Amino acid sequence: MKINKPKHDVNPDLAKERLKCNFNIEEVTNIIDGGKDKTVQRKKIEDIALNNGASLDEVPEECLSIKERYENAVRKSCVYGNLVRNEMLEITGIENFESPVLRRTADAFFKDISPFMLHLGMFVPTLIGQCTPEQTAEWLPKALDMQIIGAYAQTELGHGTFIRGLETTATYNPEKEEFVLHSPTITSYKWWAGGLGKTANHCVVMAQLYTQGKCHGTHLFIVKIRDLDTHMPLPGITVGEIGPRMGFSSADNGFLRFDHFRIPRENMLMKHAKVEKDGVYVKSAKHGKLTYGTMVFIRVTLVSEMSFNISKAATIAIRYSAVRRQTELRPNEPEPQILDYPTQQHKLFICIATAHAFQLTSCWLWNTFQAVLADMKKGNVDTLPELHALSSCLKAVSTSDALSHIEQCRFACGGHGYMLSSNLPFIYSFVAATRTYEGDYTVLLLQTARFLVKASEQAEAGKKLTQTVSYLNRTANADRLNWDNTHEGIIKSFQVIAAGKIGQCVKSIRDRTASGMDYEDAWLMTTVQLVGAAEAHCRAVLLNTYWSEMRKITEASSADVKKVMHQLAVLYLMYWALEKTGDLLKYSSVSKKDLDELQRRYEELLAELRPNAVGLVDAFDLRDEILHSSLGSYDGRVYERLIEEAHKSPLNDEPVNQSFHKYTKPLMLGKL
Ligand SMILES: CCCCCCCCCCCCCCCCCC(=O)SCCNC(=O)CCNC(=O)[C@H](O)C(C)(C)COP(=O)(O)OP(=O)(O)OC[C@H]1O[C@@H](n2cnc3c(N)ncnc32)[C@H](O)[C@@H]1OP(=O)(O)O
Ligand SMILES: Cc1cc2nc3c(=O)[nH]c(=O)nc-3n(C[C@H](O)[C@H](O)[C@H](O)COP(=O)(O)OP(=O)(O)OC[C@H]3O[C@@H](n4cnc5c(N)ncnc54)[C@H](O)[C@@H]3O)c2cc1C
């Protein structure tokens, strides 16, 4: 496989690691990409992006002022957006405008984030999912052609989670066939929308719909907020940027206030519910929550996004750990590579396995999502609740796990991992936001818990359950599981843990209502357990899906690739079994001896994977331009790059900073 050729000699330790690798790296890359043809397509698109303007900034993004950072990001977004519409979409096809390949190439342009991300990430998907055919024909081509740039303005200052509590109003006036958008309170300011502050000229707005004197709940509207020529906010619109935050520093998250701002009736996105010209409201015939569709879509895509982010962090930390030597093991012997420490392997190899687990699970989830969409097209919404429960817990757990694994990657790089030039802090702060946005971790797990409690009651009543909860049919009344020290045994034990926890929640709610509490309070008092039960369910789904998809996808692989893919999946099962020993002891007959044996096998597995560690991250095939890391580049020139990056600091522009003469010297001379 052609890897981007390093300009410099490869660090000798890293070169030796590559010689140790005993499987075909390209074969694993093809598995990750979803097939050989997909790898070829990805590389073609990467070449287009990377050969046309994704050059590194002369001054690192992080050394610019807030304004400069934003302006630089807009400049690069325009180059990138132009390439997407003129060249890349021709290869992926318009229907795949949000392909992970495009997302991946964007990283070569932005260390942090593009102000256009929400345009492609949420505005366009909302048009695709929420418009009538006429509205699609009107808006979508303009959006894809970047004639209009949009944002997704749902969250308000006062409410993000509780969508039904949003306060922005859209009141229909049948005489003028217009909606009047209004922000009645300070808490009704739209807040957070990416790209809204300075970049977007349109946005999708979620507002409470009033017609014929009645509120019909939240609906979506497309709103032009700025003049297309002058970019000035239109009268009735107050819009701006919300200020510096933990990450997302090169984008413009925005606020927006409406003062009786009028839009035509046709600007309500009417695929599901409608307001007729005379003001009659026609509700969605299918399901009340279809306006939440873009959120479900993004939750589904975030699982693959998490795989990508973990693979970046793991590549950086593992290559660095092969180059870095520290501490004498024995007197007068060379210091070992830090990758030789089992504690380091414990921090890092799980990251490789998790990247694979999330990638395979995300493909499976994507197929499930497509199947539900196909059902809905035929008018059948029966499969939507399961998709909502699945996408909610997988979004919550994958973002949360990614965050802690990425943090471990930073710890694994010691002090140098704290440098922005390592890119680990950028990856961390980007992923930190994913745990909150598109549905907070706890809130989404509680959504899954609602579904699980109902499923458990149905299982109790002898009803046959759908696929992802069918284990409840087998395990609902099971006592402690007989521990079975096989891979399938571990997966089954996670299903029993989940079933046990869900059953315990149902019991707690029943006990509380029996003692006089109303259902809402009984539910509230049980929410700590409910979150735990939903997490346990998600672990069972992840373990089962990773294991079965890995076996399917490697059926035709070479023996060496089969072996290493199998080892990673076993590592994942064992890691989680050891993380959850308390649960295993509670819900299965596992003994101390069994757990000691599991620990020993886990440690042996780390040692078996050790020679392939660099090969495994090379298989992620992340080009240096995408990694943006002084510690993780293919050639391993870690120390040279750290020094080169240090020299780029604007503080090194002159030998003496003016503050010395202005402040420090007067202080030294007692003249302050
Ligand atoms: C140039 C660069 C190029 C880059 C390339 C592109 C890269 C793309 C990458 C992606 C980047 C994306 C960046 C995104 C940034 C963040 C955007 C946001 O945060 S946006 C803001 C995101 N904000 C959030 O995510 C807010 C989170 N909050 C929520 O989602 C909801 O308010 C709620 C779910 C918590 C409750 O809702 P509520 O209305 O109070 O509902 P109730 O509790 O009353 O439940 C009633 C029934 O409804 C059911 N049901 C509910 N939902 C759904 C559903 N979706 N479906 C089906 N059913 C659903 C529920 O189960 C229940 O059923 P049952 O039990 O009765 O049978
Ligand atoms: C970087 C970033 C980008 C964003 N981009 C956008 C965007 O483009 N468009 C947009 O519309 N929004 C966007 N958001 C907003 C985001 O979707 C919300 O912040 C998110 O949905 C969480 O809502 P909240 O802020 O209201 O948190 P809150 O709901 O106030 O959460 C605060 C705490 O309360 C807890 N909590 C809340 N409700 C419950 C409950 N029912 N049960 C138990 N605990 C609960 C939560 O678990 C959390 O610990 C963005 C946010 C961030 C950080």
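How far apart are the end C-alpha atoms over residues 292-453, and what share of the chain there is helix and what share strand? The legends below begin with that span.

**View 1. Residues 292-453 in the predicted model.** This is a predicted model in which local features need pLDDT of at least 70 and side-chain atom pairs count only at pLDDT 80 or more, while totals for chains, interfaces and linings use all residues. Residues are numbered from 1 along each chain as its sequence is written, and chains are lettered from A and ligands numbered from 1 in the order in which they are written. The end C-alpha atoms of residues 292-453 are 22 Å apart, and the chain over this span is 75% helix and 0% strand, where helices (H or I, at least four residues) and strands (E, at least two) are DSSP runs numbered from the N terminus. UniProt lists these residues, in an unreviewed entry, as "domain: Acyl-CoA oxidase C-alpha1"; its positions are given in the numbering used here, feature names are shortened, and annotations may be inferred rather than shown by experiment.

**View 2. Residues 488-668.** An unreviewed UniProt entry places "domain: Acyl-CoA oxidase C-terminal" at this span, which is 76% helix and 0% strand, with its end C-alpha atoms 71 Å apart.

**View 3. The surroundings of ligand 1.** Of the 38 residues around ligand 1, those that come nearest are G121, I163, Y292, Y437 and G439, a residue being near if its C-beta atom, placed from the backbone, lies within 6 Å of the molecule. Two or more residues of this shell come from each of α4 (66-92), α5 (100-109), α6 (117-130), α8 (293-323), α10 (384-412) and α12 (441-460), and the largest share, five residues, comes from α8.

**View 4. The surroundings of ligand 2.** Ligand 2 is surrounded by 22 residues, of which Q154, T155, G160, T161 and T442 are the closest. At least two residues of the shell are supplied by each of β1 (150-153), β4 (190-193), α11 (424-436) and α12, and α12 gives the most, with three residues.

**View 5. The packing of α3 against α5.** Helix α3 (residues 36-50) packs with α5 at an angle of about 30°, and their axes are 10 Å apart; axes are lines fitted to C-alpha atoms, for helices over the stretch in contact, and angles run from 0 to 180 degrees between N-to-C directions. In this contact Q41, R42, I45, E46, A49 and L50 of α3 meet V101, T105 and A108 of α5, two residues being in contact if their C-beta atoms, placed from the backbone, lie within 7 Å.

**View 6. Domains of the protein chain.** The domain assignment, which is automatic or taken from a database, gives domain 1 (35-114), domain 2 (132-285) and domain 3 (449-618). The C-alpha centres of domain 2 and domain 3 lie 42 Å apart.
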